[in-house]
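Please look over the chain below before reading on. The paragraphs that follow take its parts one by one.

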Amino acid sequence: MSQALEHFWAKGVLCLFFGVSILCFISPVQTGLDTQPYYLILSFLVFILYHQTKFDKCMAALLLVLVSGVPLYILAIWEANIRSFIIYISIFPLVFSMYRIFLYDGWKERYVMCFVFLYFGAAILQIIYGKDLFGGILQSRTTENRGVSSLANEPTLYALMCLLVGLICHISRFPKRTKIIIYVLLLLQIVFLARSSMALLVLVFWLFMYVLIVNPISAFYFLVVGAGIAWVVIGILPEDSRIFSLFRIILDSPLFLIQKDASVNERIAHLVLPVYASFDNYLFPQGFSSFSNVLGRRDELFGGVFFWGPNTNKIMSGFGAVLWEMGVVGLAVLFCFAWSCLSAAHLQVRDRLFLLAASLSLMFTAIPIINPVFCALWGAIEADKIRYER
């Protein structure tokens with residue numbers, strides 16, 4: 001009887017983590033945080049309950065990297081708060097928890113379908129009743145000329161998470177009909193609900209990379225067809241939309257996009273500055289409370305190229321954040337992820353290359369490495385490898 005209760009308790013924690021990770025921005029009480037900490041806490045509990053679960057050498061390497069980097073990282077954040085250290089050591093429990101969920105038959109498909117329909121439904125409700133519909137349980141930020149944020153903090157993050165879910169679907173053995181439904185719903189959310197120019201640019205890059213990897217000769221035709229589709233999209237989008245204005249800037253003077261669009265200027269600054277400063281500091285971990293010093297010197301470092309945005313410690317680039325906050329340890333974590341992608345024997349070589357290129361391209365956006373959907377992708381890769389070996 002006690003064994004049955006123990007199994008019921010462990011399965012209940014896993015189910016709770018499953019739900020909380022999908023709704024990772026929602027909190028019944030105001031915490032002042034964008035991403036809520038509940039899924040991080042539950043991931044440790046899942047790891048404790050299922051620590052005997054077998055995993056492969058890629059995840060073992062990730063665990064070894066994080067454990068061996070603890071002394072260096074503690075030294076780097078000695079004067080920072082405990083939140084920095086918790087986020088750092090949460091990477092493995094998060095990936096492990098997602099991996100453990102997806103070892104169950106059908107759970108990966110449930111995860112994807114739950115995300116798609118929950119976020120799609122919430123976005124539709126915001127279209128009907130207003131963008132601040134979930135203001136009581138969600139720290140949401142958007143403007144009149146941007147799309148809705150659904151159950152995320154902002155439209156761009158909503159759209160980028162849709163792309164991650166689409167990538168999980170792409171590498172999974174879902175029925176063809178299910179995949180088509182998922183792709184259509186995700187595309188509708190990215191283009192018409194979130195209306196994210198950043199996500200559209202990433203999607204175009206993904207399509208080009210896939211065509212280039214599968215058939216390099218077809219890449220030229222892809223560019224021609226893509227230009228035609230972009231022209232059509234410009235014609236049907238409202239003139240006050242952000243995507244329309246960016247397309248106009250690119251058509252008029254693509255080389256001056258960084259100077260003409262403040263948001264683009266800030267996002268590229270949050271990629272270039274932390275990478276530059278990280279190597280300038282010999283990849284020593286800088287923690288979570290010192291990036292504002294680099295932003296304060298952007299004029300001095302790059303001669304006025306980067307001019308927009310507040311001096312903040314929050315880095316709007318997953319790759320930049322990993323390098324700046326975690327240093328050489330973060331570089332090793334990214335190596336472990338690349339190893340997971342390239343060693344996925346259940347995928348064809350071209351799919352492994354595309355998976356790596358697509359995943360790392362998202363790391364150049366504001367998706368952090370501890371985003372639950374990014375960790376879900378990593379966990380899905382590892383779970384499928386174990387299934388294939390069986």
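How far apart are the end C-alpha atoms of α6, and what span should its twelve residues have at 1.5 Å a residue? The expected span is 16 Å and the end C-alpha atoms are 17 Å apart, so the two values agree. This comparison, like everything below, rests on a predicted model.

Helix α6 covers residues 91–102, and Ser 97 has its place there. The helix is mostly covered, with twelve of its twelve residues buried. Among these buried residues are Ile 91, Pro 93, Leu 94, Val 95, Met 98, Tyr 99, Arg 100 and Ile 101. Ser 97 itself has a relative accessible area of 0%, so it counts as buried. With neighbours within four places in sequence left aside, Ser 97 is in contact with Phe 17, Ser 43, Val 46 and Phe 47.

How sure is the predictor of the chain as a whole? The average pLDDT is 78, and 75% of the residues score at least 70. Confidence is highest in α7, at a mean of 92, and lowest in helix α12 (residues 242–252), at 56.

The next topic is the nonpolar interior. The largest nonpolar core has 105 residues, and those touching the most other members are Leu 62, Tyr 119, Tyr 158, Met 161, Leu 163, Ile 369 and Leu 377. Helix α8, residues 155–170, gives the most to this core, with twelve residues. Apart from it lies another core of nine residues, including Leu 273, Ala 277, Phe 291 and Leu 295.

Leu 377 can serve as a closer view of the 105-residue core. Which residues does Leu 377 contact, leaving aside its neighbours within four places in sequence? They are Leu 164, Leu 167, Ile 168, Ile 171, Phe 337, Leu 355 and Ser 359.

Aromatic rings come next. The structure holds 18 aromatic pairs. One of them joins Phe 55 and Phe 96 in an edge-to-face arrangement, with 6.1 Å centre to centre and 85° between the planes. Phe 55 lies in the loop between α2 (38–49) and α3 (57–68) while Phe 96 is in helix α6, so the pair ties together parts that are 41 residues apart in sequence. Are these two rings buried or exposed? Phe 55 is partly exposed, at 22% relative accessibility, whereas Phe 96 is buried, at 0%.

Another pair, Phe 335 and Trp 339, is tilted, with 6.5 Å centre to centre and 40° between the planes. Both residues belong to helix α18 (residues 328–342), and because they are four residues apart they are separated by about one helical turn. In general, an α-helix has 3.6 residues a turn, so residues three or four places apart point the same way. Phe 335 is exposed, with 55% relative accessibility, and Trp 339 is partly exposed, with 30%. Elsewhere, ring pairs link Phe 18, Phe 102, Tyr 104, Trp 107 and Tyr 111 into a cluster.

Two loop residues deserve a look for their backbone angles. Most residues other than glycine have a negative phi. Ser 150, however, has a positive phi, near 55°. Ser 150 is found in the loop between α7 (107–129) and α8, and it is buried, with 0% relative accessibility. Arg 195 also has a positive phi without being glycine, with a value near 50°. Arg 195 lies in the loop between α9 (176–194) and α10 (197–214). Its relative accessible area is 25%, so Arg 195 is partly exposed.

Cysteines close the tour. How many disulfides does the structure hold? The number is zero. For Cys 341, the closest cysteine sulfur is that of Cys 58, at 9.3 Å, which is too far for a bond; a disulfide needs the two sulfur atoms within 2.5 Å. Cys 341 is buried, at 0% relative accessible area, and Cys 375 counts as buried at 1%.

Methods
Residues numbered from 1 in each chain as written. Predicted model: local features only at pLDDT ≥ 70, side-chain atom pairs only at ≥ 80, totals over all residues. Heavy atoms only, no water. Core = buried A, V, L, I, M, F, W, Y, C linked by side-chain atoms within 4.5 Å. Buried < 20%, exposed > 50% of the residue type's maximum accessible area, 1.4 Å probe, protein only. Helix = DSSP H or I, 4+ residues; strand = E, 2+ residues; numbered from the N terminus. Contact = heavy atoms within 4.5 Å. Expected span 1.5 Å × (residues − 1). pLDDT = per-residue confidence, 0-100. Phe/Tyr/Trp six-rings, centres within 6.5 Å; stacked < 30°, edge-to-face > 60°.
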